[in-house]
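Thanks for coming. I'll put the structure on the screen, and then we'll go through two helix contacts and the empty spaces.

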Amino acid sequence: MFMLGDHPVGADHAPLVVAEIGINHEGDPKKAHRMVDDAADAGVQVVKIQTHVVDDEMIPNDVVPGNADEPIWDMMNRVALTAQDEREIKAHAEERGMVFLSTPFSRAAADRLAELDVAGFKIGSGECNNYPLIRHVASFGKPVILSTGMNDIASITPAVEILREAGVGFALLHCTSLYPTPPEQVRLGAMTELGRAFPDAELGLSDHTLTIYPCLGAVALGASVLERHFTSDMSWPGPDIAVSSTPEEFSRLVEGSRLIHAARGGSKQILAEEQPTIDFAYACVVTTREIAAGERLSADNIWVKRPGTGEIKAKDYEALLGRPAKRAIAVDTQVSWADLG
């Protein structure tokens with residue numbers, strides 16, 4: 001368990017739900033502020049953006065992402081927020097009672113966030129094996145949530161070792177970096193594999209499907225962090241809008257994740273609170289006709305019927321067959337051990 005702001009992150013606590021605003025604001029701070037309010041109204045605990053200091057992040061290039069129609073260089077220059085924009089978004093999120101996080105994509109971006117005194121850092125899947133950046137982020141001594149899409153256990157291990165060495169709390173989010181992710185490629189089993197490989201990590205899911213259902217399924221398997229892209233309006237432009245959820249969906253995600261967390265765990269035993277149901281639902285051994293003293297019990301004179309308030313339950317029916325009655329027993333009587341010889 002570790003603390004992210006005032007929120008405990010761990011298996012004993014309801015999952016932390018992260019609304020990934022990301023770049024869905026398309027460079028417009030007003031959109032970002034609207035999404036902060038909408039996320040807060042939906043009951044979300046954490047809002048997250050992306051911090052892009054483009055010239056420290058990449059060299060000029062013409063690579064076009066699979067979910068976009070323009071080069072990543074042009075896109076990032078278009079959507080990057082200023083340090084002051086991010087300061088104001090952080091203040092707004094905290095005014096609404098939420099934790100503000102951002103994903104730094106460069107050393108300069110991490111430094112900017114450290115100056116903002118963020119509660120922790122989110123590292124995206126593309127930086128999972130960017131060990132120099134992870135080491136730099138970990139040096140600030142804040143908790144880290146690390147997405148692991150496009151990486152396997154071998155490439156995740158050095159990143160985890162860096163976080164352990166720094167002594168920071170951390171969560172590993174299973175992720176499939178496909179936009180959208182087909183359900184059969186979500187692979188929730190990979191999240192439990194992360195748990196076996198890194199037992200000191202908190203676990204979670206960063207989901208890119210078109211529904212909230214994989215996140216809910218992840219809770220049943222032990223997820224402590226759930227992340228999905230967030231938008232106030234599905235008609236807005238942007239490369240991540242198609243894999244985003246609305247405020248209404250996030251409200252259901254928060255409610256459902258808390259319910260499933262409360263329901264998971266435990267052991268198979270009879271609860272004391274089940275006794276009222278036992279009293280009417282169980283069957284007990286009863287006489288089906290009058291039985292004379294000394295007469296042996298058989299399928300002709302006893303059977304099992306409700307309610308379950310009798311002393312001898314249906315499970316012991318066979319043990320009574322052939323035993324003599326110590327005294328006469330009237331019809332429709334719940335048989336007791338005292339009735340038997």
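Is the crossing in which H1 passes H4 left-handed or right-handed? It is a right-handed crossing. Bear in mind throughout that this is a predicted model.

To place these two, H1 covers residues 29-41 and H4 covers residues 83-95. Their axes cross at roughly 15° and come within 10 Å. Angles under 35 degrees count as roughly parallel, so H1 is roughly parallel to H4. On the H1 side, the contact is made by Pro 29, Ala 32, His 33, Val 36 and Asp 37. H4 brings Asp 85, Glu 88, Ile 89, His 92 and Ala 93 to the contact. By class, the contact of H1 with H4 has five nonpolar residues, two polar and three charged.

Next, the second pair, H6 and H7. H6 is residues 131-138, and H7 runs over 153-166. Here the axes come within 9 Å, with a crossing angle of roughly 20°. H6 and H7 are therefore roughly parallel to each other as well, and their crossing is right-handed. From H6, the residues in contact are Tyr 131, Ile 134, Arg 135 and Ala 138. From H7 they are Ser 155, Pro 158, Ala 159, Ile 162, Leu 163, Glu 165 and Ala 166. Sorted by class, this contact of H6 with H7 holds eight nonpolar residues, one polar and two charged.

Now the pockets. How much space lies in the largest pocket? About 710 Å³. It is lined by 31 residues, and the closest to its centre are Gln 50, Phe 105, Gly 126, Tyr 179 and Asp 240. Three elements each supply at least two residues of this lining: strand S4 (46-51), helix H3 (72-79) and strand S10 (225-230). The largest share comes from H3, with three residues. The lining of the largest pocket divides into eleven nonpolar, 13 polar and seven charged residues.

The second largest pocket has a volume of about 200 Å³. Of the 16 residues that line it, Thr 148, Asn 151, His 174, Arg 187 and Ala 190 lie nearest its centre. Helix H7, which we met in the contact with H6, is one of the elements giving two or more residues to this lining, along with S8 and helix H8 (189-197). H8 has the largest share, three residues. Here the classes are seven nonpolar, six polar and three charged.

Last, the enclosed space. How many cavities of 30 Å³ or more are there? The count comes to one, with a volume of about 40 Å³. Its lining is made up of His 174, Cys 175, Thr 176, Thr 181, Val 186, Leu 205, Ser 206, Asp 207 and His 208. The elements with two or more residues in that lining are strand S8 (170-175) and strand S9 (202-207). S9 gives the most, three residues. By class, the cavity lining has three nonpolar residues, five polar and one charged.

One residue to pick out before we stop is His 174. His 174 lines the cavity, and His 174 is also among the residues nearest the centre of the second largest pocket. S8 likewise appears in both places, giving two or more residues to the cavity lining and two or more to the lining of the second largest pocket.

That is all I have.

How values were computed. Residues numbered from 1 in each chain as written. Predicted model: local features only at pLDDT ≥ 70, side-chain atom pairs only at ≥ 80, totals over all residues. Heavy atoms only, no water. 1 Å grid on protein atoms, 1.4 Å probe; cavity = no way out; pocket = protein on both sides within 12 Å on 5 of 7 lines; lining within 4 Å. Points joined across faces, edges and corners; volume = space filled by probe spheres on them. Helix = DSSP H or I, 4+ residues; strand = E, 2+ residues; numbered from the N terminus. Nonpolar A, V, L, I, M, F, W, Y, C, P; charged D, E, K, R; others polar. Axes fitted to C-alpha atoms, helices over the stretch in contact; angles between N-to-C directions. Parallel < 35°, antiparallel > 145°, perpendicular 65-115°, else oblique. Left-handed = near helix turned anticlockwise from the far one by under 90°. Contact = heavy atoms within 4.5 Å.
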